[in-house]
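Q: Please take a close look at one part of this structure and describe its surroundings in a connected way. I am interested in the pairing, the burial and the charged contacts around it.

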Amino acid sequence: DDLVRKDLSTFKESDWKRIDQGLHADVKGQKLRILTAMVDSNEEELIELVPVKASAGYTAGYADPDYIKVLPTFHLPFLSKDRKYRSFPIKGDSMPPVVEGSFVIGEFVQNWMSIRNGTPCIVVTKDEGIVFKVLHNLLSSEQSFQLCSTNTFYEPYVVHANDILEIWKFVNYISPELPDVRMDDSGLSQSIKSLQKEVHELKGMVKGGG
């Protein structure tokens, strides 16, 4: 079916190799990926926020202007103006310290080959929809990505490039909770000593003033 829609006379050796290997996705982003974006009155791109309720329809509406234009939007002035960002809701407990209810802001990735191993990304897949995982790039060998969770309870799994619609590289996140930071014994001891020193100095100042 893919061959019927293409002019075979224009096929290069690399194109035939891709068909032979079953890889149809434009992983290098050599063709223009269609990306609908909202802009403000100054023609500056806005960051669209995909609400939890709208996330189920994202795989069908990600390239639909009618879907994108009703999403909430906002600005983050410290982000680069020459890149495209979008915010996605996080569900579940597979990616601590990013908890359920958080929103991850991702940068649109045009060339999937550029993704380095260990990069956290929002991956939009045909079957699962929006997922947030740490990626291992297997495109050169298996035409796939391995998706890993930071919560070791969840097993890594592989997704073929043909099943991926978009990839957004992690930039930052908005969370309703502070990360759970546990101080080790040495760190706790150092903090107590520092506090004791400050109290001692404060007492000295009070006595000197008296």
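A: **Strand β4 and its surroundings**

Phe-103 stands opposite Ile-174 in β9. This pairing belongs to a predicted model, and it is a convenient place to start on β4. Strand β9 covers residues 164-174, and 6 bridges join it to β4, the two running antiparallel.

On its other side β4 meets β3. Strand β3 takes in residues 85-89 and β4 residues 103-108; the two are antiparallel and joined by 5 bridges. Along this pair, Ser-87 stands opposite Ile-105, and Tyr-85 stands opposite Glu-107.

Both pairings are part of a wider arrangement. The open sheet has 9 strands in the order β2-β1-β3-β4-β9-β5-β6-β7-β8, with mixed pairing. Its edge strands, each paired on one side only, are β2 (73-74) and β8 (157-160). As for burial, 6 of the 6 residues of β4 are buried, so the strand is largely enclosed by the rest of the structure.

Glu-107 also takes part in a charged contact. Side chains of opposite charge can pair when their charged atoms come close. The structure holds 6 salt bridges. In one of them the side chains of Arg-83 and Glu-107 meet, at 3.4 Å from N to O. Arg-83 lies in the loop between β2 and β3, whereas Glu-107 is in strand β4, so the contact ties together parts that are 24 residues apart in sequence. The two partners differ in exposure: Arg-83 is partly exposed at 44% relative accessibility, while Glu-107 is buried at 14%. Elsewhere, salt bridges with shared partners join Glu-45, Glu-48, Lys-84 and Arg-86 into one network.

Within that network, Glu-48 forms a salt bridge with Arg-86, with the closest N and O atoms 2.9 Å apart. Glu-48 sits in strand β1 and Arg-86 in strand β3, so this pair connects parts 38 residues apart in sequence. Glu-48 is buried, its relative accessible area being 0%, and Arg-86 likewise counts as buried at 0%.

Another contact in the network is the salt bridge between Glu-45 and Lys-84, whose side chains meet at 3.9 Å, N to O. This pair links distant parts of the chain, 39 residues apart: Glu-45 is in the loop between α1 (13-20) and β1 (47-49), and Lys-84 in the loop between β2 and β3. Glu-45 is partly exposed at 41% relative accessibility, whereas Lys-84 is buried with a relative accessible area of 8%.

Covalent cross-links do not add to this picture, as far as disulfides go: a search of the whole structure finds 0.

Terms used. Residues are numbered from 1 along each chain as its sequence is written. This is a predicted model: local features need pLDDT of at least 70, side-chain atom pairs count only at pLDDT 80 or more; totals for chains, interfaces and linings use all residues. Side-chain values use heavy atoms; hydrogens and water are left out. Two strands pair if DSSP finds at least two bridges between them. Helices (H or I, at least four residues) and strands (E, at least two) are DSSP runs, numbered from the N terminus. A disulfide is a pair of cysteine sulfur atoms within 2.5 Å. Buried means under 20% relative accessible area, exposed over 50%, partly exposed in between (1.4 Å probe, protein chains only). A salt bridge is a side-chain nitrogen of Lys or Arg within 4 Å of a carboxyl oxygen of Asp or Glu.
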